[in-house]
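Hi everyone, thanks for making the time. I'd like to walk you through a structure today, so have a look at the screen and settle in.

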Amino acid sequence: MTENNASPVAGLLLAAGGGRRLGGRPKALLRHRGRPLVEHAVGVLRAAGCDRVHVVLGARAAAVREQAELGGCVLVENPDWAEGMGSSLRAGLDSLAGTGARAALVSLVDQPGIGPEAVARVLAAYEDDTSLVSAAYDGVRGHPVLFGAAHWAGIAAAATGDKGARAYLKEHEEVIRLVECGDVARPYDIDTVDDLVHLE
């Protein structure tokens, strides 16, 4: 077992975006069910069974720390957040090095339609540090994704711009285990003003 008998899988929440298409409103601070979206997303990871959660912050990080209750999380600041999701993924994986985690379960702050049931299914598919698992919606790969530690260096090397791990996953498609979640979650993103209707 890893240090402090923690689960070998750490939750990694990417919450650094500046909400460019939302008029510069950071997604982490959007309100959902009365709380900042970042707080909701951490709650989903915890409810799914992630006892360790690292949160990558970027845009208005100080305001996020102030307004969201993120006690018990490791907060990782990404000074390069404006470069896109790739830099946040690299910062998050980097923060897990040396923690004893054998895999990272990566979720995005702007997908409140994906709840604990879907995350728990992906988590349950973890086997070892070579695991590569993705939620699927009607057979189409989506989030969250689980990256065994054996893949972290390759993912970090390939993660540029807004692509995140897309290129790496495409290259390793044949070994990704897809876990169908379309019956328990809706994988919409909060990207534009029109998408705000999804917030409660």
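I'll go from the overall fold to the cores, then the empty spaces, and finish with some backbone details.

One thing to keep in mind from the start: this is a predicted model. The chain has six helices and nine strands. How does its radius of gyration agree with that of a compact globule? For 200 residues, a compact globule would come out near 16 Å, and the chain has 15 Å, which agrees. The C-alpha trace spans about 40 × 35 × 30 Å along its principal axes. Of the 200 residues, 55% count as buried. If you take the contacts with a separation of 6 or more, 69% come from residues 24 or more positions apart.

Now, the cores. As general background, nonpolar side chains in soluble globular proteins tend to be buried together. The largest nonpolar core here has 45 residues, and those that touch the most other members are Leu13, Ala15, Val38, Val55, Val64, Leu105 and Leu146. Which elements give two or more residues to this core? They are strand E1 (9-15), H1, strand E4 (53-57), helix H2 (61-67), E6, helix H4 (116-124) and strand E7 (132-137). H1 gives the most, with seven residues. There is also another core lying apart from this one, with 25 residues, among them Leu12, Leu96, Ala149 and Ile155.

Let me zoom in on Leu146 for a moment. Not counting residues up to four places away in sequence, Leu146 touches Val9, Ala103, Ala104, Leu105, Val122, Leu123, Tyr126, Ser131, Leu132 and Val133.

On to the empty spaces. In general, rolling a probe the size of a water molecule over the atoms shows where empty space is left. How many cavities of 30 Å³ or more does the structure hold? There is one, and its volume is about 120 Å³. Its lining is made of 15 residues, and Val44, Ser107, Leu108, Gln111 and Ile114 lie nearest the centre. Helix H1 (37-48), strand E6 (103-108) and strand E8 (140-148) each supply at least two lining residues. H1 gives the most to this lining, with five residues, just as H1 gives the most to the largest core. By class, the cavity lining has eleven nonpolar and four polar residues, and no charged ones.

The largest pocket has a volume of about 1000 Å³. It is lined by 37 residues, and the closest to its centre are Lys27, Met85, Leu108, Asp110 and Asp162. You may recognise Leu108, which also came up among the residues nearest the centre of the cavity. The elements that give two or more residues to the pocket lining are E1, helix H3 (85-96), E6, E8 and helix H6 (166-171). Which element gives the largest share? That is E8, with six residues. By class, the pocket lining has 17 nonpolar, nine polar and eleven charged residues.

Last stop, the backbone. Most residues other than glycine have a negative phi, and most peptide bonds are trans. With that in mind, look at the peptide bond from His143 to Pro144, which is cis, with omega near -5°. Pro144 is found in strand E8, the strand we just met in the pocket lining.

Then there are two arginines to point out. Arg33 has a positive phi of about 55° although it is not a glycine. This residue lies in the loop between strand E2 (31-32) and strand E3 (35-36). Is Arg33 buried or exposed? Arg33 is exposed, because its relative accessible area is 52% and the cut-off for exposed is over 50%. Arg60 has a positive phi too, near 50°, and sits in the loop between E4 and H2. With a relative accessible area of 49%, Arg60 counts as partly exposed.

Let me finish with His32, in strand E2. His32 is buried, with a relative accessible area of 2%. Leaving aside neighbours within four places in sequence, His32 is in contact with Leu37, His40, Pro112, His198, Leu199 and Glu200. Pro112 is 80 residues from His32 along the chain, and their C-alpha atoms are separated by 8.2 Å.

That's the tour, and thanks for listening!

Conventions
Residues are numbered from 1 along each chain as its sequence is written. This is a predicted model: local features need pLDDT of at least 70, side-chain atom pairs count only at pLDDT 80 or more; totals for chains, interfaces and linings use all residues. Side-chain values use heavy atoms; hydrogens and water are left out. On a 1 Å grid over the protein atoms alone, a cavity is a set of points where a 1.4 Å probe fits but cannot get out, and a pocket is an open set with protein on both sides within 12 Å along at least five of seven lines; lining residues have an atom within 4 Å of a point. Grid points are joined across faces, edges and corners, and a volume is the space filled by probe spheres set on the points. Helices (H or I, at least four residues) and strands (E, at least two) are DSSP runs, numbered from the N terminus. Ala, Val, Leu, Ile, Met, Phe, Trp, Tyr, Cys and Pro count as nonpolar, Asp, Glu, Lys and Arg as charged, and the others, Gly among them, as polar. A nonpolar core is a set of buried Ala, Val, Leu, Ile, Met, Phe, Trp, Tyr and Cys residues joined through side-chain atoms within 4.5 Å. Buried means under 20% relative accessible area, exposed over 50%, partly exposed in between (1.4 Å probe, protein chains only). Contact means heavy atoms within 4.5 Å. The radius of gyration is taken over C-alpha atoms; the globule rule is 2.2 Å times the number of residues to the power 0.38.
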